[in-house]
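Student: I am new to this structure, and I would like to understand how each label in its description is earned. Could we take the terms in turn and set each value against its rule?

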Amino acid sequence: WGKAAKYDPSFRGPIKNRGCTDIICCVLFLLFILGYIVVGLVAWVYGDPRQVIYPRNSTGAYCGIGDNKDKPYVLYFNILSCAVATNIISVAQNGLQCPTPQVCVSSCPEALWSVEGNQYLKTVGEVYNENRIFCLPEVPSNMVSASPMPTSHPSALFSLPALGRCFPLTNVNFTLPNYPWINSSTVSQGISGLLDSINARDISVKIFEDFAHSWYWILIALAVALGLSLLFLLLLRLVAGPLVLLLIVGVLAVLAYGIYHCWQQYRALRDKGASISDLGFTTNLSAYQSVQETWLAALIVLAVVEGILLLLLIFLRQRIRIAIALLKEASRAVGQMMSTLFYPLVTFVLLVICIAYWAMTALYPLFSPSLSSEYVYWASNASAPGCESVSLNSSCDPMAPPKNSSCPGLTCAFQGYSSTGLAQRSLFNLQIYGVLGLFWTVNWVLALGQCVLAGAFASFYWAFHKPQDIPTFPLCSAFIRTLRYHTGSLAFGALILTLVQIARIILEYIDHKLRGAQNPVARCIICCFKCCLWCLEKFIKFLNRNAYIMIAIYGKNFCVSAKNAFMLLMRNIVRVVVLDKVTDLLLFFGKLLVVGGVGVLSFFFFSGRIKGLGKDFENPQLNYYWLPIMTSIVGAYVIASGFFSVFGMCVDTLFLCFLEDLERNDGSVNRPYYMPKSLLKILGKKNQAPDKKRKK
């Protein structure tokens with residue numbers, strides 16, 4: 001695993017005289033960002049945000065603006081096609097565009113109206129007269145009503161506007177017109193499904209009201225979470241040892257209770273004579289709870305785990321003490337550099353910028369609609385007898401006479417709007433570029449935060465006299481140093497992680513497509529690949545994290561830093577495992593304490609179970625009292641994760657510095673240790689030079 005680090009008399013912590021690393025990757029990253037900006041400009045030039053805000057009719061004209069300023073709503077000629085043609089998700093993704101003509105109207109129909117059978121031989125002007133607003137703009141008044149396809153006639157149902165569309169109500173008694181393309185059995189279900197997707201508007205109003213009445217108390221809950229997180233980290237230097245001991249004893253106690261419970265269940269079933277031989281093989285897994293062999297196997301497994309943990313505690317007690325000492329030192333470092341606790345705010349702002357830019361680029365419609373509409377032959381049941389010879393989805397003319405066909409319900413339906421242009425033809429490639437840009441920039445921002453914090457905490461460890469030798473503004477210095485010299489190295493590590501994440505997304509997509517195939521071999525292979533990529537992603541995150549620490553300290557390129565970090569960790573693999581698990585256990589308990597405390601307080605307050613607080617502290621009247629509770633819990637988790645991520649980075653940085661310190665120095669006058677006295681005492685080492693003669 002490589003050679004131990006050699007003593008360097010000029011080394012005093014993070015090297016200041018360093019050069020730029022991974023310049024090629026830096027140039028590629030900057031060029032990629034430039035291209036990402038170009039993609040945003042393309043979206044801005046070719047996109048039309050009005051598509052998201054305003055509905056459109058069949059000609060592509062917007063309702064509510066321009067010539068249709070007084071007609072803000074869209075009426076669907078055959079609203080049922082929205083329900084039977086596709087699912088609600090697809091309809092929503094396509095902007096509620098259904099395979100039926102659409103027209104802008106000033107108000108939604110307030111009564112049932114449709115063209116009767118004896119009116120088909122009259123002209124459009126005679127039939128519609130005051131209902132002319134429901135006609136397509138291109139339909140002339142002197143045209144015979146029976147000339148176009150049947151679905152060119154709207155069926156006006158009593159409806160209310162929602163999201164700029166007219167949706168019928170199902171609680172009004174009416175008789176549907178007798179059209180062959182209408183299946184009365186699906187009407188109620190189809191319309192109800194559409195209305196269920198639109199009813200979110202009423203829910204959103206109630207949610208907004210709840211936030212308006214409870215935002216002040218939510219902020220107080222988040223402030224409590226911030227205070228608890230900060231207090232927990234600062235108190236770790238005092239209670240880290242007892243807290244770790246308590247957690248270890250708690251884990252052992254839980255396992256001991258599990259062993260006791262399994263023994264009780266096994267003895268009871270053994271006395272009854274319940275055996276797996278009587279049960280046999282069954283796919284009902286719950287049935288195995290009633291046989292003695294299940295509880296005996298569980299008892300053996302828990303007993304083995306309990307024994308292994310006890311042996312590990314006995315043989316690794318020294319390394320556990322080192323882990324506790326490093327946790328205390330990390331708490332001390334955070335206390336000396338309080339600004340590091342608020343650096344996650346910088347990371348959060350940068351992440352918001354990256355995600356918001358990607359969302360604006362992706363959601364800003366890369367679509368320049370022409371005013372020409374596309375109509376295709378469509379049938380509600382393509383597998384019906386007589387539809388085999390019809391070429392469905394082929395283009396048609398809605399103004400042409402009806403096509404003689406034996407296919408029931410064959411119509412010339414509105415499909416969408418034709419689109420042309422370079423941006424439209426390259427839309428998929430631009431979206432792939434945008435997704436790659438999102439992952440690369442987000443991973444780069446996270447890498448920047450890790451490297452900056454590592455540089456600051458390394459400055460703390462390698463300060464001989466603390467806090468006198470700690471550099472002024474270590475966090476700002478590390479930030480500037482990282483941006484100036486190591487943008488390319490961070491981009492290199494972020495790109496490797498991004499490629500693995502993109503591969504995982506592709507596998508998830510393939511797995512989603514194969515679920516309907518019911519091919520067990522393919523599913524098994526995909527699951528194996530997914531598991532391997534998940535492990536690879538975890539390993540790369542771990543390797544990148546430690547590589548960034550080495551970059552922050554020594555200023556070398558990514559590959560060299562990753563190699564040195566990996567070799568150093570492998571030379572101390574047992575210490576790595578112990579420290580990692582002790583830190584994870586402690587931070588998990590801290591998150592549980594913060595989130596659980598805020599959640600319990602929020603529940604008792606917003607549910608009105610805390611009485612006698614006075615008028616100024618009464619809980620607000622809410623539609624959904626669980627909403628501010630969940631918001632407080634999620635916010636508390638985000639705050640605790642931000643604080644504890646800083647602490648975790650501090651522990652990892654100090655640990656690598658500690659390992660380097662052990663290899664570089666020997667405690668002599670010329671090579672004194674930089675580690676705190678508590679670690680020297682645990683290791684049985686000491687510095688031969690008195691404190692007043694230590695090198696500065």
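Tutor: Let us start with the cysteines, keeping in mind that this is a predicted model. A disulfide joins cysteine 63 to cysteine 104, with the two sulfur atoms 1.8 Å apart.

Student: What makes the link between cysteine 63 and cysteine 104 a disulfide?

Tutor: The rule asks for a pair of cysteine sulfur atoms within 2.5 Å, and the S to S distance of cysteine 63 and cysteine 104 is 1.8 Å, so the pair meets it. By this rule the count comes to one disulfide.

Student: Why is the disulfide given a hand, left or right?

Tutor: The hand follows from the torsion about the S-S bond, which for cysteine 63 and cysteine 104 is about -75 degrees, so this disulfide is called left-handed.

Student: Which parts of the chain does the pair of cysteine 63 and cysteine 104 tie together?

Tutor: Cysteine 63 lies in the loop between helix H2 (50–53) and strand S1 (73–76), whereas cysteine 104 is in strand S2 (residues 102–105), so the pair ties together parts that are 41 residues apart in sequence. Both cysteine 63 and cysteine 104 are buried.

Student: How do you know that cysteine 527 is not bonded to cysteine 524?

Tutor: The closest cysteine sulfur to that of cysteine 527 belongs to cysteine 524 and is 6.8 Å away, and because the limit is 2.5 Å, this is too far for a bond. Cysteine 532 is likewise in no disulfide, its nearest cysteine sulfur being that of cysteine 531, 5.7 Å away.

Student: Why is cysteine 527 called partly exposed, while cysteine 532 is called exposed?

Tutor: Exposed means over 50% relative accessible area and buried means under 20%, with partly exposed in between. Cysteine 527 has 39%, so it counts as partly exposed, and cysteine 532 has 51%, so it counts as exposed.

Student: Turning to the rings, why is the pair of phenylalanine 29 and tryptophan 444 given the name it has?

Tutor: The structure holds 16 aromatic pairs. In the pair of phenylalanine 29 and tryptophan 444, the ring centres are 5.5 Å apart and the planes are at 25 degrees; because a pair needs centres within 6.5 Å and stacking needs planes under 30 degrees apart, the pair is stacked. This pair links distant parts of the chain, with phenylalanine 29 in helix H1 (residues 23–46) and tryptophan 444 in helix H13 (residues 427–461), 415 residues apart.

Student: How do you know whether phenylalanine 29 and tryptophan 444 are buried or exposed?

Tutor: Buried means under 20%; phenylalanine 29 has 5% relative accessibility, so it is buried, and tryptophan 444 has 12%, so it is buried too. Ring pairs also link phenylalanine 29 and tryptophan 444 into a cluster with Phe32, Tyr36, Tyr357, Tyr433 and Trp440.

Student: What makes the pair of phenylalanine 342 and phenylalanine 643 edge-to-face?

Tutor: The centres of these two rings are 6.4 Å apart, with 75 degrees between the planes; because the limits are centres within 6.5 Å and planes over 60 degrees apart, the pair counts as edge-to-face. Phenylalanine 342 is in the loop between helix H10 (317–336) and helix H11 (343–363), and phenylalanine 643 is in helix H19 (residues 626–664), 301 residues apart. Phenylalanine 342 is partly exposed at 41%, whereas phenylalanine 643 is buried at 5%.

Student: How do you know that the length of H19 fits its number of residues?

Tutor: H19 has 39 residues and reaches 56 Å from its first C-alpha to its last, which is close to the 57 Å expected at 1.5 Å a residue. H19 is also mostly covered, since 30 of its 39 residues are buried.

Student: Why is the span of helix H16 said to agree with the expected one?

Tutor: Helix H16 (residues 520–554) has 35 residues and should span 51 Å at 1.5 Å a residue, and its end C-alpha atoms are 50 Å apart, so the two agree. Just after H16, glycine 555 takes a positive phi of about 70 degrees.

Key. Residues are numbered from 1 along each chain as its sequence is written. This is a predicted model: local features need pLDDT of at least 70, side-chain atom pairs count only at pLDDT 80 or more; totals for chains, interfaces and linings use all residues. Side-chain values use heavy atoms; hydrogens and water are left out. Rings of Phe, Tyr and Trp (its six-membered ring) pair if their centres lie within 6.5 Å; planes under 30 degrees apart count as stacked, over 60 as edge-to-face and the rest as tilted. Helices (H or I, at least four residues) and strands (E, at least two) are DSSP runs, numbered from the N terminus. Buried means under 20% relative accessible area, exposed over 50%, partly exposed in between (1.4 Å probe, protein chains only). The expected span of a helix is 1.5 Å times one less than its number of residues.
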